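Here are my notes on the model you sent over. I've kept them to a few numbered points, so have a look at the structure alongside.

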Amino acid sequence: MAFAAPQIVRGFSSSAVRNVVIKNVTIIGGGQMGAGIAQVAASTGHSVTLVDTSGDILKKSIKMIEGSLKRVTKKKFSDKPEAGEEFIKKVVQKVSTSTDAESAVQGSDLVVEAIVENLKIKQDLFSRLDKLAPPHTIFASNTSSLSICDIASSTNRQDRFGGLHFFNPVAMMKLVEVIGTPATSQDTLDSLLDFSKVLGKTPVSCKDTSGFIVNRLLVPCMMEAVRLYERGDASKEDIDIGMKLGAGYPMGPFELADYVGLDIVKAVIEAFKTKDPNNPLFDSSDLLNKLVAEGKLGIKTGEGFYKYK
Ligand SMILES: NC(=O)c1ccc[n+]([C@@H]2O[C@H](COP(=O)([O-])OP(=O)(O)OC[C@H]3O[C@@H](n4cnc5c(N)ncnc54)[C@H](O)[C@@H]3O)[C@@H](O)[C@H]2O)c1
């Protein structure tokens, strides 16, 4: 991961904002995803402001970033530990923190939102920020299951609004889905694609449809595996083995669901169902609902479909 300034050149026209070169990035939400995005943006030379609701959360976000950077540099600088330490210091210096989103966006080229997965809360946030961010600032949401169009409707910059969907863990996963709504301008899409490449990621484009590319295929596959198991057609262990050895998946659908979190899988399929109520692929599962109600959410709680020590 090189520590280099972004290389694309800013080109404005008087009538429209064009190919904004993203140097200053504000990330709202310092959780798992926001901290990861901040790390990758800072590692590639961007000035990052990370925003969350309290100083204590932000301290944890910085700890998360340092921990992840340590893992990255251990491999990358295995024979030069001092250079690794220096790299971590430089990256962390590029990240400032704030609990004041309104001030943080004022010098920002791009705002990436990675807060709680709730439409109303995301809309309220963007509506407030829209009044204070400079005209050229692009807004992007990292939502997994909500409509970008619905989130963007709370602002007056729908042409400068898109989806930037990273994958977990952000430092490791190469893919970014860049989502355009019918109102998103081509310049905004180009800027988001360029930004993703500067981060060292591989962007793919998708329209604003439920689950975009990856989750639209992955989540119904997990739900279909649960239904197969619920009907007693096969054991969960055999389904996982089948998909690993027969389809080349690195994790079986039950292992993946436990990794993602069963509450997240449930929330995503429910969001799909709301948008497309007649699609049987988006039907709920009694077993999944029961596990979530019992707090068996997967690896993070020690038990989901499988038990973890
Ligand atoms: N976890 C994943 O695997 C994953 C993958 C891709 C996308 N996403 C999406 O990314 C977003 C964040 O997910 P996460 O897993 O990082 O969640 P998380 O719960 O780890 O972090 C969310 C953070 O946002 C903060 N927050 C909530 N409301 C806020 C507000 N109004 N202003 C500032 N900060 C606020 C919370 O304090 C928390 O620190 C969600 O939209 C989710 O759908 C998650």
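1. A quick definition before the numbers: a residue is called buried if 20 or more other C-beta atoms lie within 10 Å of its own, exposed if 12 or fewer, and partly exposed in between. Keep in mind that this is a predicted model. On that count, 42% of the 309 residues of the protein chain come out as buried.

2. Now the overall build. The protein chain has 12 helices and eight strands. Its C-alpha atoms fill a box of roughly 60 × 50 × 35 Å along the principal axes. The radius of gyration is 20 Å, which agrees with the value near 19 Å for a compact globule of 309 residues.

3. On contacts: take the pairs in the protein chain that are at least 6 apart in sequence, and 66% of those contacts join residues at least 24 apart.

4. Helix α10 deserves a look. It covers residues 253–260, and seven of its eight residues are buried, so the helix is largely enclosed by the rest of the structure. The buried ones are P253, F254, E255, L256, A257, D258 and V260. What packs over them? The cover includes α8 (214–230), α9 (236–247) and α11 (262–275). Just after α10 comes G261, with a positive phi near 110 degrees.

5. Next, the annotation. An unreviewed UniProt entry lists S68, K75 and S144 under "binding site". These three are spread over 77 residues of sequence and are spread in space too, with up to 30.2 Å between C-alpha atoms.

6. S68 first. This serine is in helix α2, residues 55–76. Buried or exposed? S68 counts as buried, because it has 20 C-beta neighbours inside 10 Å and the cut-off is 20 or more. Setting aside neighbours within four places in sequence, S68 is in contact with Q39 and A171.

7. Then S144, which is in the loop between β5 (138–141) and α6 (148–152). S144 is buried as well, with 23 other C-beta atoms within 10 Å. Which residues does S144 touch, not counting those up to four places away in sequence? They are E117, H165, N215 and V268. Two of these tie back to point 4: α8 spans 214–230 and α11 spans 262–275, so N215 and V268 fall inside those ranges.

Key: Residues are numbered from 1 along each chain as its sequence is written. This is a predicted model: local features need pLDDT of at least 70, side-chain atom pairs count only at pLDDT 80 or more; totals for chains, interfaces and linings use all residues. Helices (H or I, at least four residues) and strands (E, at least two) are DSSP runs, numbered from the N terminus. The radius of gyration is taken over C-alpha atoms; the globule rule is 2.2 Å times the number of residues to the power 0.38. Two residues are in contact if their C-beta atoms, placed from the backbone, lie within 7 Å. UniProt positions are given in the numbering used here, feature names are shortened, and annotations may be inferred rather than shown by experiment.
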